[in-house]
Structure formats: structure tokens, C-alpha cells
Amino acid sequence: ILMAALVAVLAFGLFSCNEEQASTKELLTNTAGWQLAEGTITPAYEMASGDMVSDLMNYLFVCEQDDEIYFDANGAERIKTNIKCAEGEGLQGDEVADLWRFDNEENPQILYMQLPFFYDETGNALDAEQENCTIKDINKDELHLTYTFNVEGTNYTFQMTFKDPKKVAKK
């Protein structure tokens, strides 16, 4: 029994070390993909309707909330839509977004990527810009990013948590 316990402890230790040694790129490019699980906007953002939005999930169309992002090791960013959006409400189908990249391969702090809910003037295609998102934390289960943008002198900060799509609570 003692020998079996020792083997189990050693196996757990080796598995934990391997997980901790995964690079940010390896964690980001996991094959499960990422889905926005929660997000906030600070300060609250005033919509064209006059509504103030601080919960990012309330800002997104239902068809956007289940979009999955895949970061390929070759630098491609793909967005998979599960529910097709109506015209003018988001992506009409899967899309290859811009190429993603880090500010620094060895110790990345910024992820340049296309946020799946930023569109061009048609509302049906992604905008042409990459957003520079600060990596707050990444592990095999969660990716925490912040993104700040300025509108008429006010800085708005998005705090976003992405998870494995299978682990995001369905609404």
C-alpha cells in the first residue's frame, strides 16, 4: 500500500510539473478553444439606446455569446460561430480573423488579437484592427484578459474571462 501511495504521489508530482512548464503559447493554442464566459466594462458604457452596460454579456447578442476562438500555433486566429447571427448583429458564420501575436514570445504580457465582438461599420464582419489585450492570467482552464479603449476622452476597460467552451455555463 505504501509503495502504491508513493507511486501515486510521484506521478501527481510529475504531472503537476509538466503542466506548470507549459508555455503561454502552448496554453493559448490548446485545441479546446476559448469562449467568453464573463466580462465587465468599467465604467459602464452608454449604448446608442441610452442604456448603460457594465456586464459585457448583456452587451453581446445571444448569437455572439457562444462564439469560440481558436489560436493556431502558426499565428492564425479562427472564430467559430455556433448560432448564426441575424444581419447586422454579428458574424454570419465562421471566420478567420487576423493573425494573433504576443509582444514578447519569452514572457508575453500583451496578446494582439481580434476580439470576436468588434465589427466594422456593416456589423457583419470583424473590424480590421487587432486589439492589444493585457494577459492577466492564463492556465489550461482560463484566460483572463483586459482591454482598454478610449471614446471621447473616457477610457473603458473590458475585463474578460475565457474558458474551454465545454466548461462555460449555457444560458
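Helices and strands here are DSSP runs, numbered from the N terminus, with at least four residues for a helix (H or I) and at least two for a strand (E). With that settled, I looked up Glu106 and found it in the loop between β6 (101-102) and β7 (110-113). I'm working on a predicted model, so I keep in mind that local features need pLDDT of at least 70.

**Entry: overall layout**

I listed the elements and got three helices and 10 strands. From the N terminus on, they read α-α-β-β-α-β-β-β-β-β-β-β-β. I also checked burial: 40% of the 171 residues count as buried.

**Entry: back to Glu106**

Is Glu106 buried or exposed? Glu106 has a relative accessible area of 75%, and because exposed means over 50%, I put it down as exposed. I then took a C-alpha distance from Glu106 to Thr24 and got 8.6 Å, for two residues 82 apart along the chain.

**Entry: β1, β2 and the turn**

I went to strand β1 (residues 34-46) and strand β2 (residues 52-55) next; they run antiparallel and three bridges join them. Which residue of β2 is the bridge partner of Glu46? I found Met52 there. The hairpin has five residues between the strands, and Gly50 takes a positive phi near 95° in it.

Still in β1, I looked at Pro43, which has its place in that strand. The peptide bond leading into Pro43 from Thr42 is cis, and I noted omega near -10°.

**Entry: another positive phi**

I wanted a non-glycine case as well, and Glu152 is one, with a positive phi of about 50°. Glu152 is in the loop between β9 and β10 (154-163). Its relative accessibility is 80%, so Glu152 goes in my exposed column.

**Entry: rings**

I searched the whole structure for aromatic pairs and got eight. One of them is Tyr45 with Phe149, a tilted pair at 6.1 Å centre to centre with 55° between the planes. That pair links distant parts of the chain, as Tyr45 belongs to strand β1 and Phe149 to strand β9 (residues 142-151), 104 residues apart.

How accessible are the two partners? Phe149 comes out at 17%, and because buried means under 20%, I call it buried. Tyr45 has 23% relative accessibility, so I call it partly exposed.

I followed the ring pairs outward and ended up with a cluster of Tyr45, Tyr147, Phe149, Tyr156 and Phe158. Separately, I checked for charges over rings and noted Arg101 over the face of Tyr112, 4.0 Å from the ring centre.

**Entry: the second largest pocket**

I put the space in the second largest pocket at about 180 Å³. Which residues line the second largest pocket? I wrote down Ile41, Tyr45, Met47, Tyr59, Phe117, Phe118, Phe149 and Phe158. By class, that lining has eight nonpolar, no polar and no charged residues. Tyr45 and Phe149 turn up again in this list, after I had met them as a tilted pair.

**Entry: the cavity**

How many cavities of 30 Å³ or more are there? I counted one. The largest cavity has a volume of about 60 Å³. Leu36, Leu60, Glu64, Gln65, Asp67, Pro116 and Phe117 line the largest cavity. I sorted that lining by class and got four nonpolar, one polar and two charged residues. Phe117 is in this lining, and I had already listed Phe117 for the second largest pocket.

Conventions:
Residues numbered from 1 in each chain as written. Predicted model: local features only at pLDDT ≥ 70, side-chain atom pairs only at ≥ 80, totals over all residues. Heavy atoms only, no water. 1 Å grid on protein atoms, 1.4 Å probe; cavity = no way out; pocket = protein on both sides within 12 Å on 5 of 7 lines; lining within 4 Å. Points joined across faces, edges and corners; volume = space filled by probe spheres on them. Nonpolar A, V, L, I, M, F, W, Y, C, P; charged D, E, K, R; others polar. Pairing = 2+ DSSP bridges. Phe/Tyr/Trp six-rings, centres within 6.5 Å; stacked < 30°, edge-to-face > 60°. Buried < 20%, exposed > 50% of the residue type's maximum accessible area, 1.4 Å probe, protein only. Lys NZ or Arg CZ within 6 Å of the ring centre and 35° of its normal.
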